[in-house]
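Trainee: I would like to work through this structure with you. Shall we start with the overall fold and end at the metal site?

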Amino acid sequence: MTKYILSASILSADFSDLGNAISQCESAGTDWVHVDVMDGHFVPNISMGPFVVETCRRITKLPIDVHLMIENSERYVESFIKAGASNVTIHIENNTNIMRTLQQIRVLGAHPGVAINPGTSAALLESVIPFVDMVLVMTVNPGFSGQIFMPKMLSKITSVNNLAKSLNNSIRIEVDGGMTAETIKQCAAAGADTFVAATYIFKNSKGIQAGVNELRSALK
Ligand code: DX5
Ligand code: ZN
């Protein structure tokens, strides 16, 4: 398993030139492209759908890491996977039949992941971890890029890591929200191995390459 994965969230990319933005982060050395899907119900923002995943699939060979922040995920996972999603992560808070949807994701050929909001206890993950390849710990409240990292989430990252170890499950632990060269280091020390960044990569005043380089060097 690759030690550290950097997943570039296109939520902050320049959509007038998305192809160029993605190619730049690919050549800068990001590992995955993160697509944030929001429906205006589960979170107070509306973003992108399967069509954007399909567009990304044509632009890059990198795995596409889809983060669903929507109601009724079970109705949409198939279209995201058909569009080219490699990972599909759904939230624990609003998926009543979460096991069924996670199994559906796997059967359809993608890696299932479960995401957990800052206000939700890590203990709820115990029965879900055996069914996923990744847990995504939100380090901001979901809905927008450009928010400030919540340091209180560091102990949750460690709890998830300990929980996965106690269950003998080898999963990735992804963190999402407020990643900078400083916070990424803290998250890695707490046990995360997969890092989502939007603002720090796509809105970096020194450019995409510099943003990726800074995040990578912080992980050395
Ligand atoms: C927030 C999204 C994040 C967001 C991260 O709901 O899940 O992926 O794009 O943005 P930054 O890196 O700017 O905090
Ligand atoms: Zn996300």
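**Fold and metal site**

Mentor: This is a predicted model. Its chain holds eight helices and eight strands.

Trainee: How does the radius of gyration of the chain compare with the globule rule?

Mentor: For 220 residues the globule rule gives 17 Å. The chain is close to that, so it is as compact as a globular protein of that length. Its C-alpha atoms fill a box of roughly 45 × 35 × 35 Å along the principal axes. The radius of gyration is 16 Å.

Trainee: What share of the 220 residues is buried?

Mentor: Buried here means under 20% relative accessible area. The chain exposes about 9600 Å², with carbon and sulfur atoms supplying 53% of that area. The buried share of the residues is 55%.

Trainee: Among contacts between residues at least 6 apart in sequence, what percentage joins residues at least 24 apart?

Mentor: Contact means heavy atoms within 4.5 Å. Count the pairs at least 6 apart in sequence, then keep those at least 24 apart. The result is 66%.

Trainee: Which strands pair with β8, and in what sense?

Mentor: Take β1 (residues 5–9): four bridges join it to β8, and Ala8 has Ala197 as its bridge partner there. β7 pairs with β8 over three bridges, with Glu174 partnered by Thr194. The partners are therefore β1 and β7, and the sense is parallel for β1 and parallel for β7, under the rule that pairing needs at least two bridges.

Trainee: Which residues of strand β8 point the other way from Thr194 and Val196?

Mentor: In a regular strand, side chains alternate between the two faces of the sheet. β8 covers residues 194–197, and all four are buried. Opposite Thr194 and Val196 are Phe195 and Ala197.

Trainee: Now the metal. What is the geometry of the zinc ion (ligand 2) site?

Mentor: The protein donors are His34 (NE2), Asp36 (OD), His67 (ND1) and Asp176 (OD), 2.0 to 2.3 Å from the ion. Six donor atoms give angles of 69 to 168°. Six count as octahedral if opposite donors are over 155 degrees apart and all others lie between 65 and 115. The site is octahedral.

Trainee: How many residues apart in sequence are the parts that His34 and Asp176 tie together?

Mentor: The donor spacing is H-x1-D-x30-H-x108-D. His34 lies in strand β2 (residues 32–38) and Asp176 in strand β7 (residues 172–176), so the pair ties together distant parts of the sequence, 142 residues apart.

Trainee: Are His34 and Asp176 buried or exposed?

Mentor: The cut-off for buried is under 20% relative accessible area. Both residues are zinc donors. Both His34 and Asp176 are buried.

Technical notes. Residues numbered from 1 in each chain as written. Chains lettered and ligands numbered in written order. Predicted model: local features only at pLDDT ≥ 70, side-chain atom pairs only at ≥ 80, totals over all residues. Heavy atoms only, no water. Donors = N, O, S within 2.8 Å, 3.2 Å for Na, K, Ca; no water. Tetrahedral: all angles 85-135°; square planar, octahedral: opposite > 155°, others 65-115°. Helix = DSSP H or I, 4+ residues; strand = E, 2+ residues; numbered from the N terminus. Buried < 20%, exposed > 50% of the residue type's maximum accessible area, 1.4 Å probe, protein only. Rg over C-alpha atoms; globule rule 2.2 N^0.38 Å. Areas by Shrake-Rupley, 256 points an atom, 1.4 Å probe, with all protein chains shown as cover.
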